[in-house]
Amino acid sequence: MKNYAKLCLIFGIFMIAGIILFVIVSGDLGDTISVDNEKTLILNDIVKDAEEKIDSPYSFGEKDYGVDFVVFDNIGNEIYITPGAEKEIAKISGGGRFTVEEAGRRRMLYKYIVKDEAIAGSVVLMDSAENDYIKVKTRLILALSIMAVIFITGAVIYGIYIDRNIIKPFNRMQSFAGKVAEGKLDEPLLMDKNNMFGVFTESFDIMREELAESKKREAMLQRKEKELIASLSHDIKTPITGIKLTTELLTTKLNQRIEETEESLSAEEKRADSDIMEKLDNIYKKAEQIDSLVSDLFSTTLEDLGEFKVNVSDEESTVLSEIVKKNDSKGLVDESRSPKLLINIDTRRMSQVIGNIISNSYKYAGTKIDVEYSIKEKYLEMMIRDYGPGVSRNELELITNKFYRGRNAETENVDGSGLGLYIAKSLMHKMNGELICESDDKGFTVSLMIPIS
């Protein structure tokens, strides 16, 4: 603000200097006006004498008025001319007739002679006011020009100062605020020595540093949170596997006991064994469901941490049929023959992709599943189609998003996490392939574009 006050002081000095110069340059105008007043008084004296001497004009020469003049009678004839006036008339008229009208046109002072309430003639002073008018005009133009140059120079200097110390720093702050809003917190806000926004600039830069540190802390906490989720997901799988194995073992032993003692069991005991078998089956299914959810959560967390590894290698396309059979636990898949060629995939991850798609069809469609193959340019297209209700067109772009579940899943209360297709699409991208979802009134189709080696 001190610099701004100095600039205002300098600008004020410029203005005052301009006014002083204007007064100095135009100061002689008062003298010119004073001279004109003096000539008017002399003209009045000559007219007053002329009223007495109009009948004997030659008596005008008896008094020296200090100016050259001409006396005309009432019809415009020259009745007295001073020697100096005679030369001036010769120069002006070029030998022609000089009149009062010509004198008026040339801005010469003149006045009528009135005697006995009638115009008896006129007096014209030969000292033209035109030259004085030109001088006055020239001085005024010069004074105004100097004043304008001073004002413009001051305004330019003031404008340059405003641009450098206000507008440009403000624009930098505006740009900086935009970068902060975009999350770009690494670039500091530079400060100029004479910046009027110095305090604000420093505060903004401190804010940027605090935001950057806060963002780092947040990222660190999020990573620790994801690492904790990944660790818990991995740890949960161990007891889940134990529950599944124990359930399978109990189911096997119960089946053996039923076979061995079937004939000796009463109807009530058979009913009790049937209830136990049903409960063991439910336990196994719930454990399998939890295992699937935990696996999806674990995979998603690893991807967020950037540790979801995919190792592709050349495999025969027949491995796809093996993967389909492995994941078709309900026997609903009808698969066509795959062309024999080499594909570039991670077998374990491809099993996860196909398993998630078939699992979705089990949950949401419950119909038979057709699997067909075709070659499209550099890809082996694997089409997995069910004949359930499908999804609406508005949801096709959303169902591969993380945690998104279609309206059918919500209305039918189907269990799920909304991660299956998200993980499948992510894995296909990591294997340089693509996952495409399509839906129509006949069902839902997922096309896997698998790279050919």
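**Aromatic pairs and a nonpolar patch**

User: Why is Tyr-110 called partly exposed in this predicted model?
Analyst: Tyr-110 has 37% relative accessibility. Buried means under 20% and exposed means over 50%. The value falls in between, so Tyr-110 counts as partly exposed.

User: Where is Tyr-110 found?
Analyst: Tyr-110 is in strand 3.

User: Which residues make the nonpolar surface patch, and what qualifies Tyr-110 by accessible area?
Analyst: Tyr-110, Tyr-112, Val-114 and Ile-119 make a patch of about 380 Å². Patch residues need over 30% relative accessible area. Tyr-110, at 37%, passes that cut-off. Tyr-112, at 44%, passes too.

User: Which strand gives the most to the nonpolar patch?
Analyst: Strand 3, residues 108-115, with three residues.

User: How many aromatic pairs does the structure hold?
Analyst: Three. One of them joins Phe-69 and Tyr-80.

User: What makes the pair of Phe-69 and Tyr-80 tilted?
Analyst: The centres are 5.7 Å apart, and the planes meet at 40°. Pairing needs centres within 6.5 Å. Stacked means under 30 degrees and edge-to-face means over 60. An angle of 40° fits neither, so the pair is tilted.

User: Why does this pair tie together parts that are apart in sequence?
Analyst: Phe-69 lies in strand 1 (residues 69-73) and Tyr-80 in strand 2 (residues 78-81), so the parts tied together are 11 residues apart in sequence. Phe-69 and Tyr-80 are both buried.

User: Why is the pair of Tyr-110 and Tyr-112 called edge-to-face?
Analyst: Their ring centres lie 6.1 Å apart, with planes at 85°. That angle is over 60, so the pair is edge-to-face.

Notes:
Residues are numbered from 1 along each chain as its sequence is written. This is a predicted model: local features need pLDDT of at least 70, side-chain atom pairs count only at pLDDT 80 or more; totals for chains, interfaces and linings use all residues. Side-chain values use heavy atoms; hydrogens and water are left out. Patches are made of residues with over 30% relative accessible area and no salt bridge: like charges are joined within 9 Å, nonpolar side chains (Val, Leu, Ile, Met, Phe, Trp, Tyr) within 5 Å. Accessible areas come from the Shrake-Rupley method with a 1.4 Å probe; for residues, only the protein chains shown count as cover. A salt bridge is a side-chain nitrogen of Lys or Arg within 4 Å of a carboxyl oxygen of Asp or Glu. Helices (H or I, at least four residues) and strands (E, at least two) are DSSP runs, numbered from the N terminus. Buried means under 20% relative accessible area, exposed over 50%, partly exposed in between (1.4 Å probe, protein chains only). Rings of Phe, Tyr and Trp (its six-membered ring) pair if their centres lie within 6.5 Å; planes under 30 degrees apart count as stacked, over 60 as edge-to-face and the rest as tilted.
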